[in-house]
Each structure stands twice: as structure tokens, then as C-alpha cells.
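Welcome! Take a moment to look over the chain and its fold, and then use the notes that follow as a guided walk through them.

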Amino acid sequence: MLRSVAALLLFTVACSNAQELQSKSKVCANVFCGAGRECAVSEKGEPSCLCIESCKPHKRSVCGSNRKTYRNHCELHRDACLTGLKIQVAHDGHCREKKTDQAAASPVVCYAADRNELRSRVIQWLQTEVIPDGWFVKGSNFSDILLKYFKSYDNGDSQFDSAELLKFIQHNDSAVELQSYADQESNKLLRSLCVDALIELSDENADWKLSFDEFLNCLKPGFNPPEKKCALEDETYEDGAETQVECNRCVCACGNWVCTAMTCTDKNTAGDESPDAEAEMTEEEWNLRVAELNKHQVCFLCMEQAHKL
């Protein structure tokens, strides 16, 4: 009797699983999710693309464009899906040791967090100078304090450029000192870059200068800076995202891609591949390689404009 009940339960579970698989197969029949993703059926019975839960254990090592070795192509695409990063197949096999450590270097950039930190410190310093009205004397408000500094550091054209805004911020060095890097020179550069980022934040007419109204809007305590993302190949990336262009590293900072500008010793970004390597590439790998080259072309255009940051 007990054996009959157990057999019935197993049969019921098997039928249920079969029906679930059949339902998933119908819902996902015409859904293409792309590499590293798989179709899943929501509670409402609608299809959605999710990162693959697990890859098959077969081993065919590949080197990713992030210089990380993966057990197979599936693992690479799954990692790209989970991290949200653009990871391409550089070449089959384990990643080779680089002949130069240039790629380990990252550009000095002002991330949104650095820009917001500098802005917050300036606001805090200015607020300490606000004097409320008394019964015997007129005080000063936040706008008055800003106007005083604006007139003090303006060269007469009624606009703040990067140099003037930097001098204003340096007026109270101890209050606005940023220490994100190990060496002092990089921290000085960081502050200059964050000054440019502050100008970009409120520069409504895109002339890289701030009128007093723009200057006031930039430092209003109640203003919340918008979060900008970086665009690349019809995709958007969060502040702090990284990508590799040959031996140079690019990072997303305040909505702009910023790259190092090193001279690469190896023209082939995929490493020391054999002459017949391209002949052995699958169609999928070839498409990935083309996409990678297109990405480089887009990123180099970004590098040419990096000095604006």
C-alpha cells in the first residue's frame, strides 16, 4: 500500500514538472534572450530574460576582454550578465600574462561621489558664514555670501571659468581637501577635475562658464545633482563602470568615458594568437570580435574628448 502511494506521488510530481516544462517551452518559444541569459516564465505567465543560473560543466577555457579566464563561453557571458559589464571573448585558452603592466593603470577621474563630496563641503563651509538678522544689525543669507565670493574672484566678465572657480574653492583649502588617491599630485588633479564637473553640472548654455545664477543653482543646499550614465553601443553604464581599450583602461565618471592614453606595445589586443586563429573562430566569436572592434572605435572618440573633464 505504501509503495503504491509513493509511486503515485512520484508520478504526480513528474507530470507536474513535465507540464511546467511544456508551458515554459510554449511561452519562451519565440523569445531570444542573448548570450548569458535564459528565458523564464513569471508568476503571471509572461516571459522574461534572466541571467543563466548555472552553466554546463564542460571545459573549454576562454580569456575575456577583462583579462579574466573562464571555464567556457557560457561562464563568460553569465559573468557579463551578472555584473552588467561588457565582456567579450579575447581569445581561446587561458589569459596570457601581459608583457607590460601599463593596463593596470587607471585614469585619475572625478566620480559623481567625489563631485558631490566636494560640493557638500563647499556648501557646509559657506553655511558657517551665514549670519542671521539681529535686532540691531542686518545679517547675511546664503545668496549674499555666494555673491560676495563671486565678485571677489570674477575677472570682470560676470562669469566663473574653471580657474576662477578653483581659486574660490581654494579659499578654504582645509574644508575642501579631497584625499581619494595615495599621492598628493593625483588629489590636486582630482580637485581640478571635480571643479570641471561642478561647472558641467549647472552650465545651462554649455559654454563651460557659470553666470551667478548658474553658480547659485550649483551650490543651492536643496539641489540634488542628477545621476548621469555613460552610453556605449546602445547600452548605458553606471558611474564607476570600467572597460578596456587595448592597453588602456576607460572608466565612467559623471556621465563621461575617461581613458588613459598610453602607447600600446602590442597591436593585437587578444594577445599572441597564432596566424590561423581567426580561421578557427566560430561565427559567434567572429561577431563578438567585430563588436569589440566597434567598441574600440567608439571609445577612442571618447578619449579625444576626455580633456574636457
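A good place to begin is a hairpin: strand 1 and strand 2 form it with five residues between them, and within it Gly45 takes a positive phi near 80 degrees. Keep in mind that you are looking at a predicted model. From this hairpin we can move on to the sheets, the helices and a disulfide.

**The hairpin of strand 1 and strand 2**

- Strand 1 covers residues 37-41 and strand 2 covers residues 47-51; the two run antiparallel and are joined by five bridges.
- To find one of the pairs by eye, start at Cys39, whose bridge partner in strand 2 is Cys49.

**The sheet of strands 4, 3 and 5**

- It helps to recall that strands of a sheet pair through backbone hydrogen bonds, which can be done in a parallel or an antiparallel way.
- Here, three strands make an open sheet with antiparallel pairing, and their order is 4-3-5.
- Which strands sit at the edges? They are strand 4 (69-70) and strand 5 (89-92), each of which pairs on one side only.
- Strand 3, made of residues 62-64, runs antiparallel to strand 5, and three bridges join the two.
- Cys63 has His91 in strand 5 as its bridge partner.
- Helix 2, residues 73-83, lies across strand 3, strand 4 and strand 5, and it runs at about 20 degrees to strand 3.

**The sheet of strands 8, 9 and 10**

- Another open sheet has three strands in the order 8-9-10, again with antiparallel pairing.
- Strand 8 (242-245) and strand 10 (256-259) are its edges; each has a single partner strand, so one side of each has no neighbour in the sheet.
- Ignoring direction, neighbouring strands of this sheet are turned by 30 degrees against each other on average.
- Four bridges connect strand 9 (residues 248-253) with strand 10 in the antiparallel sense.
- Look for Cys250, which stands opposite Cys259 in strand 10.

**Helix 3 and its partners**

- Two packed helices are described by two quantities, the angle between their axes and the distance between those axes.
- How do helix 3 and helix 6 cross, and at what angle? The axes of helix 3 (residues 112-127) and helix 6 (residues 184-202) come within 9 Å and cross at roughly 85 degrees.
- Because of that angle, helix 3 is roughly perpendicular to helix 6.
- On the helix 3 side, the residues that meet helix 6 are Asp114, Arg115, Leu118 and Arg119, while helix 6 brings Leu190, Arg191, Cys194, Val195, Ala197, Leu198 and Leu201.
- Sorted by kind, the residues of this contact between helix 3 and helix 6 are seven nonpolar, no polar and four charged.
- Helix 3 also meets helix 4 (residues 142-153): their axes come within 10 Å and cross at roughly 105 degrees.
- That crossing makes helix 3 roughly perpendicular to helix 4.
- Ile123, Trp125, Leu126 and Gln127 of helix 3 make this contact with Phe142, Ile145, Leu146 and Tyr149 of helix 4.
- The contact of helix 3 with helix 4 has seven nonpolar residues, one polar and no charged.

**Disulfides**

- A disulfide is a covalent bond between the sulfur atoms of two cysteines.
- How many disulfides does the structure hold? There are eight.
- One of them joins Cys110 to Cys194, with an S to S distance of 2.1 Å.
- This pair links distant parts of the chain, since Cys110 is in the loop between strand 5 and helix 3 and Cys194 is in helix 6, 84 residues apart.
- The link of Cys110 and Cys194 is right-handed, with 105 degrees about the S-S bond.

**A feature from UniProt**

- An unreviewed UniProt entry places the feature "domain: EF-hand" at residues 190-225.
- In the model, the chain over residues 190-225 is 56% helix and 0% strand, with its end C-alpha atoms 19 Å apart.

How values were computed
Residues numbered from 1 in each chain as written. Predicted model: local features only at pLDDT ≥ 70, side-chain atom pairs only at ≥ 80, totals over all residues. Heavy atoms only, no water. Pairing = 2+ DSSP bridges. Contact = heavy atoms within 4.5 Å. Axes fitted to C-alpha atoms, helices over the stretch in contact; angles between N-to-C directions. UniProt positions renumbered as here; feature names shortened; annotations may be inferred. Parallel < 35°, antiparallel > 145°, perpendicular 65-115°, else oblique. Nonpolar A, V, L, I, M, F, W, Y, C, P; charged D, E, K, R; others polar. Disulfide = S-S within 2.5 Å.
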